[in-house]
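Biologist: I'd like to learn how to read the packing and the chain contacts in a model like this one. Could you walk me through it?

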There are 2 protein chains.
Amino acid sequence: MLAQNVSNNVVDIEDLSRLKSDLNRLQAVDVGEYISKLPRKKRALAFRLLNKGQAINVFEYLPPEIQQQLINSLHDGRVVQIVEEMSPDERAVLFDELPAGVVKRLLHELSPEQRQATATILGYPEGTAGRVMTTEYVRLQEGLTVGEALEKIRRQDRDKETIYYAYVTDYNRKLRSVVSLRQLLFSLPDALLRDIASDRVVKIKTETPQEEVAQLMKRYDLIALPVVDREKRLVGIVTIDDVVDILEEEATEDIQKLAGVSGGDEAALSPPQVTIRKRLPWLLGNIALYVTAANVIAPFQQVITIVPVLAIIMPILANSSGNVAFQVLSVTVRGLGVGEITPKDTLKVLRKELLAGLGTAIGLGSALAGLSLMWAPSGEHWVSFVAGAVMSVNVLIAVTLGTVLPMGFKQLNLDPALICGPLMTTTLDAIGFLTFLSLVSFALQVLP
Amino acid sequence: MLAQNVSNNVVDIEDLSRLKSDLNRLQAVDVGEYISKLPRKKRALAFRLLNKGQAINVFEYLPPEIQQQLINSLHDGRVVQIVEEMSPDERAVLFDELPAGVVKRLLHELSPEQRQATATILGYPEGTAGRVMTTEYVRLQEGLTVGEALEKIRRQDRDKETIYYAYVTDYNRKLRSVVSLRQLLFSLPDALLRDIASDRVVKIKTETPQEEVAQLMKRYDLIALPVVDREKRLVGIVTIDDVVDILEEEATEDIQKLAGVSGGDEAALSPPQVTIRKRLPWLLGNIALYVTAANVIAPFQQVITIVPVLAIIMPILANSSGNVAFQVLSVTVRGLGVGEITPKDTLKVLRKELLAGLGTAIGLGSALAGLSLMWAPSGEHWVSFVAGAVMSVNVLIAVTLGTVLPMGFKQLNLDPALICGPLMTTTLDAIGFLTFLSLVSFALQVLP
């Protein structure tokens with residue numbers, strides 16, 4: 001919002017010194033947003049107005065495509081300076097997007113230490129702790145006193161991503177314990193580190209999936225979490241700001257995948273072709289699948305000719321089963337996503353869903369039966385009761401599948417959000433139509 | 001998971017001393033989970049094994065109903081001790097759940113300072129910054145030096161929720177600036193606080209909704225955010241651990257509301273009656289609404305008798321429009337939820353959705369037309385093309401409503417997630433059926 005003030009007041013180049021002072025005074029994220037929204041050609045111009053510290057901060061908040069554009073239009077010395085100062089995890093994200101040639105050149109210009117840090121992070125697969133961690137953390141040797149530790153932090157750790165936790169390692173770099181800056185500050189200077197540091201360290205492996213990292217940090221209210229390799233050596237930390245982003249990302253994925261957006265990471269403002277690519281395949285796949293459901297109806301065209309009220313009831317049956325499915329999926333998938341439930345709870349959740357489903361089945365079944373009576377000609381009132389019964393059974397099937405399938409997927413280490421709503425509704429439609437039409441068809445043959 | 005080890009190994013009361021040592025050694029959140037899962041009668045027993053510090057920590061992690069049970073079964077001195085040590089925001093949550101009489105008694109026993117803090121927080125409406133903030137923050141006077149500030153923190157602020165940010169106020173308690181412990185530590189002891197503290201303070205008001213608080217902290221990568229009253233006096237801070245919970249809660253609400261779970265805060269393991277209460281009203285409301293859609297079909301029963309293939313096509317039309325609606329809603333509502341878009345972007349998003357929708361309309365329309373050809377008798381092939389056309393138009397209506405309605409709701413300060421999928425699918429069904437059946441009926445009259 002600050003950026004909007006800026007763009008309203010001072011885009012005029014005449015007022016350059018005012019713009020310069022504003023850009024250097026405002027929060028980096030706001031300046032980043034302001035620069036992102038400028039016309040392409042003005043971006044490098046505005047960016048050059050930033051002083052060194054602000055430029056480095058702002059750069060980290062720019063989207064990768066604009067970072068890349070700036071890299072191409074700034075002179076090499078400036079680029080190297082900025083990239084050198086980026087935190088290694090942000091740098092890894094940028095390098096992922098840059099052409100290989102540019103990455104190679106930039107890596108070459110970095111200090112050996114930063115080059116190593118970047119290479120380490122880029123070596124881990126996307127979506128793992130290794131990829132989101134930073135290598136800029138405070139490490140202390142076991143033997144120090146509190147005073148020595150504080151002095152070491154003051155002298156050497158100015159550039160670390162967080163100094164609020166320090167990790168104590170042995171001579172082999174193996175993680176031993178953790179101590180907070182708070183503990184250090186509230187201890188006597190000559191206390192021994194090993195006496196105040198806690199060996200109840202919550203830690204994760206480099207290959208831990210990022211959503212597990214986020215859930216752990218949430219569970220233990222941590223602002224940083226150490227990452228160790230297979231030899232239990234400390235290699236980095238994940239900080240809370242990354243976790244906040246991960247949690248939002250995962251929630252967005254859950255919502256969108258449930259709704260049948262593939263990958264589940266469409267931005268509201270992504271270009272139309274991306275939107276089509278993420279949505280149309282699911283829709284077409286689903287309509288193809290729906291052929292099965294429709295094939296179920298096809299043989300019964302004769303029945304529909306005899307009892308046309310079926311054509312009114314069937315969409316209601318389909319719509320209501322679909323709604324039940326979306327409800328149960330939203331609760332189960334989200335419960336799995338936030339770690340409230342695990343596949344071990346399947347029976348417990350199923351029991352609850354079936355009990356609640358019984359109530360829903362009776363409610364929806366009666367409602368459909370009642371409403372159908374309105375349309376059914378007097379000779380066909382029995383159809384309403386069949387409709388109500390089928391509705392009730394479909395509800396119970398919906399809650400069962402909506403519980404068991406995501407739990408099963410999770411158990412198999414697949415993404416439970418893949419059991420998306422569209423797939424469920426199509427399945428339920430097919431089951432509902434088949435039962436309904438078969439019963440009506442059977443009744444027509446048996447009834448006088 | 002640690003708690004599971006405990007419960008597997010040492011629930012046996014014979015091994016009491018082992019249990020006691022485990023319970024006091026493990027992380028508070030794990031012990032809280034362990035105690036919550038114990039049979040009702042054993043909870044107080046296990047809780048009494050905790051030493052004072054651990055008891056206070058564990059208590060904050062217990063769900064309010066178990067906190068209440070413990071309050072009833074522990075002796076008064078212990079209860080007061082624990083409640084006194086809780087952070088004021090956690091205490092406010094507990095007091096919300098306790099019977100008024102118990103609250104009154106406990107308030108009476110608290111120290112004046114803690115009583116005041118609790119009363120302040122309870123004075124703000126649920127879901128606002130005032131309600132989630134803590135009053136335990138570090139406050140510094142403007143005139144101090146860095147050394148004096150550090151000394152003051154060491155001496156007086158041991159119990160503050162975070163000491164990593166300190167807030168600088170004037171003699172009127174008005175918020176002036178903020179300084180991080182990091183800055184203090186890396187500055188010379190005789191530097192003046194006013195020279196190093198930043199007056200670019202991101203702050204919020206007590207009445208700011210919690211989701212805005214969370215979005216701000218995410219945007220500026222903060223671990224604490226100061227809260228001021230109308231006179232700009234500092235009254236509390238919101239810390240990152242609360243924000244992480246708020247973000248998850250808001251995401252869960254978005255997902256569940258979209259799927260038509262009222263309130264959007266159903267836990268996967270909530271009792272069946274809660275589930276029914278949260279889901280059935282929507283389902284029944286929706287089926288009542290569907291009567292409108294069905295009333296649209298009712299007058300056309302004759303047409304369906306003549307062209308029974310309509311009964312096959314209609315469910316596919318309904319299902320596919322519904323899928324499109326869920327996709328666009330999931331992207332728009334989530335985009336609004338995470339602050340990626342605002343109602344100002346309506347035209348931009350609509351333009352993108354319509355462009356993408358055009359592609360989807362052509363794809364789905366052709367698919368439905370093609371598939372319908374399979375079932376339509378040779379004399380009724382024209383019906384397939386009508387179906388395809390109606391499908392395409394319905395897609396465009398779906399993306400338009402799915403964009404404009406949530407944006408409009410947000411503009412009116414209503415919750416955009418209230419435009420839930422079920423409501424949209426019913427509306428789209430009604431529109432689609434009416435258009436389709438009218439066109440076919442018209443064609444039947446005109447065609448030779």
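Modeller: Happy to! A residue is called buried when its relative accessible area is under 20%. Phe326(B), at 6% relative accessibility, therefore counts as buried. Keep in mind that this is a predicted model.

Biologist: Why does Phe326(A) count as buried or exposed?

Modeller: Phe326(A) has a relative accessible area of 5%, so it is buried. The rings of Phe326(A) and Phe326(B) are stacked, because their centres are 3.6 Å apart and their planes meet at 10°. This pair crosses between chains, joining helix α19 (residues 310-337) of chain A to helix α19 (residues 310-337) of chain B.

Biologist: How many aromatic pairs are there over all chains?

Modeller: There are four over all chains. One of them is formed by Tyr164(A) and Tyr164(B), whose ring centres lie 4.0 Å apart with planes at 10°, so this pair is stacked too. It also runs between chains: Tyr164(A) and Tyr164(B) each sit in the loop between α12 (146-156) and β2 (165-169) of their own chain. Tyr164(A) is buried at 7% relative accessibility, and Tyr164(B) is buried with a relative accessible area of 7%.

Biologist: How should I read the nonpolar core?

Modeller: The general idea is that in soluble globular proteins, nonpolar side chains tend to be buried together. Here the largest nonpolar core has 105 residues, and those touching the most other members are Leu310, Trp375 and Phe436 of chain A and Leu310, Trp375 and Phe436 of chain B. Beyond its neighbours within four places in sequence, Phe436(B) is in contact with residues including Leu310(B), Ile313(B), Met314(B) and Val390(B). A second, separate core of 104 residues includes Val228(A), Val29(B), Ile121(B) and Ile196(B).

Biologist: And the interface: how much area do chain B and chain A bury between them?

Modeller: About 10,400 Å², with 64% of it on carbon and sulfur atoms. The contact draws 118 residues from chain B and 118 residues from chain A. On the chain B side, Arg182(B), Phe186(B) and Arg219(B) lose the most area to chain A, together 7% of what that side buries.

Biologist: Which polar features should I look for there?

Modeller: Start with the salt bridges: the rule finds 10 across the interface of chain B and chain A. In a salt bridge between Lys352(A) and Glu266(B), the side chains meet at 2.7 Å, N to O. Polar contacts between chain B and chain A come to 59 residue pairs, both residues at pLDDT 80 or more. As for elements, α19(B) gives the largest share of the side of chain B that touches chain A, with 16 residues.

Technical notes. Residues are numbered from 1 along each chain as its sequence is written. Chains are lettered from A and ligands numbered from 1 in the order in which they are written. This is a predicted model: local features need pLDDT of at least 70, side-chain atom pairs count only at pLDDT 80 or more; totals for chains, interfaces and linings use all residues. Side-chain values use heavy atoms; hydrogens and water are left out. A nonpolar core is a set of buried Ala, Val, Leu, Ile, Met, Phe, Trp, Tyr and Cys residues joined through side-chain atoms within 4.5 Å. Buried means under 20% relative accessible area, exposed over 50%, partly exposed in between (1.4 Å probe, protein chains only). Contact means heavy atoms within 4.5 Å. Rings of Phe, Tyr and Trp (its six-membered ring) pair if their centres lie within 6.5 Å; planes under 30 degrees apart count as stacked, over 60 as edge-to-face and the rest as tilted. Helices (H or I, at least four residues) and strands (E, at least two) are DSSP runs, numbered from the N terminus. Buried area is the accessible area (1.4 Å probe) that two parts lose on being put together, summed over both. A salt bridge is a side-chain nitrogen of Lys or Arg within 4 Å of a carboxyl oxygen of Asp or Glu. A polar contact is a pair of N or O atoms within 3.5 Å; within protein, one must be able to donate a hydrogen and the other to accept it, and residues adjacent in sequence count only if both atoms are side-chain atoms.
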